[in-house]
Amino acid sequence: MNDFITPPNHINFRAKRLFGEMGRIADGAIAYIDLDGGGPTEPHTHSHNHLFIVTEGEAKILLGDKEIIVGKDEAFLVEGKIPHSVWNNSDGMTKMIGITVVPSTEMCLRPFMPSDAAKIMSWNKDKRAFRLWSADRFGDFPAEPGELTAQFDDDRKIPLVAMADNEVVGFIMMRYPTDDNSLIRLGFVIIDDSKRGKGYGSKMLRLAIDHARNALGAKRISLGVFCDNKSAVECYKAVGFSIIGEDSYTIDGEEWKEFEMILEI
Ligand SMILES: CC(C)(COP(=O)(O)OP(=O)(O)OC[C@H]1O[C@@H](n2cnc3c(N)ncnc32)[C@H](O)[C@@H]1OP(=O)(O)O)[C@@H](O)C(=O)NCCC(=O)NCCS
């Protein structure tokens, strides 16, 4: 239970955040899946999503051509439009809560899951775009999806994806860069390359700002952006960030200038 915390003002209480806003809850059910049990026997699709939370044992979700293992105290959101079925993957009984989620047409943020990584990494079409996005955080281009997941190695980092129309359209990492919980720093901000320039970036940033203010209790948000990354600089300015300084970075042997930006919230 290493990833559980005791929230402030609680005693003998351990909790772990399993999911965030992801749409409207239509219903919830509890399932006891016996040895070799599961279903449906032929994977099915539908417009709603399933949020599965395993409380005992281990579940295996067949999702398109992927197999996802969900252990005890873990959650997974199954996108209903991908053919899927769910199976017991333990030697005993698996106990699971299933919540039917009707996707919101409005954009919302939900916690990043390792299964999101390949899609996010595919939005960088060349090395320059990759470096503009991630500076020197990865080795060579292209990087493996697992290298993105490996960036979120502590609970001071909060990786979130933006969902719109039941699709992952963006990604943003929020982190506490210091011990001071009033400051949040943004990183890895990106929108699906086929959807840029349509307002998704500014919408995602506004949701992130609300989350920093209302859920994380932050008072200021900072970020660094390469000066040549015009769309990003304009997008940050559009949601209220101001340039407060300039720095430089060595990227692949070249000097790249970076703006430091800040927003008081
Ligand atoms: C930066 C990024 C997230 C912005 O998302 P987006 O969906 O394209 O941005 P939006 O459509 O919401 O535009 C937001 C604002 O920026 C402006 N803008 C966007 N691209 C622009 C460009 N190339 N030139 C001038 N202004 C631009 C828009 O006009 C809009 O301003 P407005 O609200 O005043 O009209 C997106 O372009 C992206 O994913 N870039 C690649 C990854 C990256 O470099 N991330 C930044 C890391 S620091």
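Q: Which element gives the most residues to the shell around the ligand?
A: In this predicted model, 20 residues lie around the ligand, and R196, G201, S202, S231 and E234 come nearest. Helix 2 (127-134), strand 12, helix 4 and helix 5 (230-238) are the elements that each give two or more residues to this shell. The one that gives the most, with 6 residues, is helix 5.

Q: Which strands are the edge strands of the open sheet of 7 strands?
A: Happily, the strand order can be read straight off: 9-10-11-12-13-15-14, with mixed pairing. An edge strand here pairs on one side only, and that holds for strand 9 (108-111) and strand 14 (242-251). From one strand to the next the twist averages 30 degrees. The edges are therefore strand 9 and strand 14.

Q: Which residue of strand 13 stands opposite R185?
A: Let's look inside the sheet, where strand 12 (residues 183-191) and strand 13 (residues 220-226) run parallel and are joined by 3 bridges. Opposite R185, in strand 13, stands S222.

Q: What angle does the direction of helix 4 make with that of strand 11?
A: Helix 4 (residues 200-214) packs on the sheet, touching strand 9, strand 10 (157-164), strand 11 (167-175), strand 12, strand 13 and strand 15 (254-264). A208 touches L109, I172, M174 and L186, leaving aside residues up to four places away in sequence. Between the directions of helix 4 and strand 11 the angle is about 45 degrees.

Q: Where does the largest nonpolar core lie with respect to domain 1 and domain 2, and why?
A: This core has 51 residues, of which F52, I172, M174 and A208 touch the most other members. Strand 12 gives the most to the core, with 6 residues. Because domain 1 (24-102) and domain 2 (108-264) both give residues to the core, its place is between them.

Q: How many Å separate the centres of domain 1 and domain 2?
A: The domain assignment divides the protein chain into domain 1 (24-102) and domain 2 (108-264). Taken over C-alpha atoms, the distance between their centres is 31 Å.

Q: How many of the 10 residues of strand 14 are buried?
A: Strand 14 pairs with strand 15 in the antiparallel sense over 9 bridges, and Y249 stands opposite W256 in strand 15. The two strands form a hairpin with 2 residues between them, and D252 in the turn has a positive phi of about 45 degrees. Strand 14 is hardly covered, and its count of buried residues is 0.

Q: Which residue is joined to P142 by a cis peptide bond?
A: P142 sits in the loop between helix 2 and helix 3 (145-149). Another cis bond runs from G39 to P40, with omega near -5 degrees, and P40 lies in strand 2 (residues 38-44). For the bond to P142, omega is about -5 degrees, and the partner is F141.

Q: Is D36 buried or exposed?
A: D36 is found in the loop between strand 1 and strand 2, and has a positive phi of about 65 degrees although it is not a glycine. A residue counts as exposed if 12 or fewer other C-beta atoms lie within 10 Å of its own. D36 has 7 such neighbours, so it is exposed.

Q: How many other C-beta atoms lie within 10 Å of N12?
A: N12 belongs to the segment before strand 1 (24-33). Its phi is positive, at about 45 degrees, although N12 is not a glycine. N12 is exposed, and the number of other C-beta atoms within 10 Å is 5.

How values were computed. Residues are numbered from 1 along each chain as its sequence is written. This is a predicted model: local features need pLDDT of at least 70, side-chain atom pairs count only at pLDDT 80 or more; totals for chains, interfaces and linings use all residues. Helices (H or I, at least four residues) and strands (E, at least two) are DSSP runs, numbered from the N terminus. Axes are lines fitted to C-alpha atoms, for helices over the stretch in contact, and angles run from 0 to 180 degrees between N-to-C directions. Two residues are in contact if their C-beta atoms, placed from the backbone, lie within 7 Å. A nonpolar core is a set of buried Ala, Val, Leu, Ile, Met, Phe, Trp, Tyr and Cys residues joined through C-beta atoms within 7 Å. A residue is buried if 20 or more other C-beta atoms lie within 10 Å of its own, exposed if 12 or fewer, and partly exposed in between; C-beta atoms are placed from the backbone. Domain bounds come from an automatic or database domain assignment. A residue is near a molecule or strand if its C-beta atom, placed from the backbone, lies within 6 Å of it.
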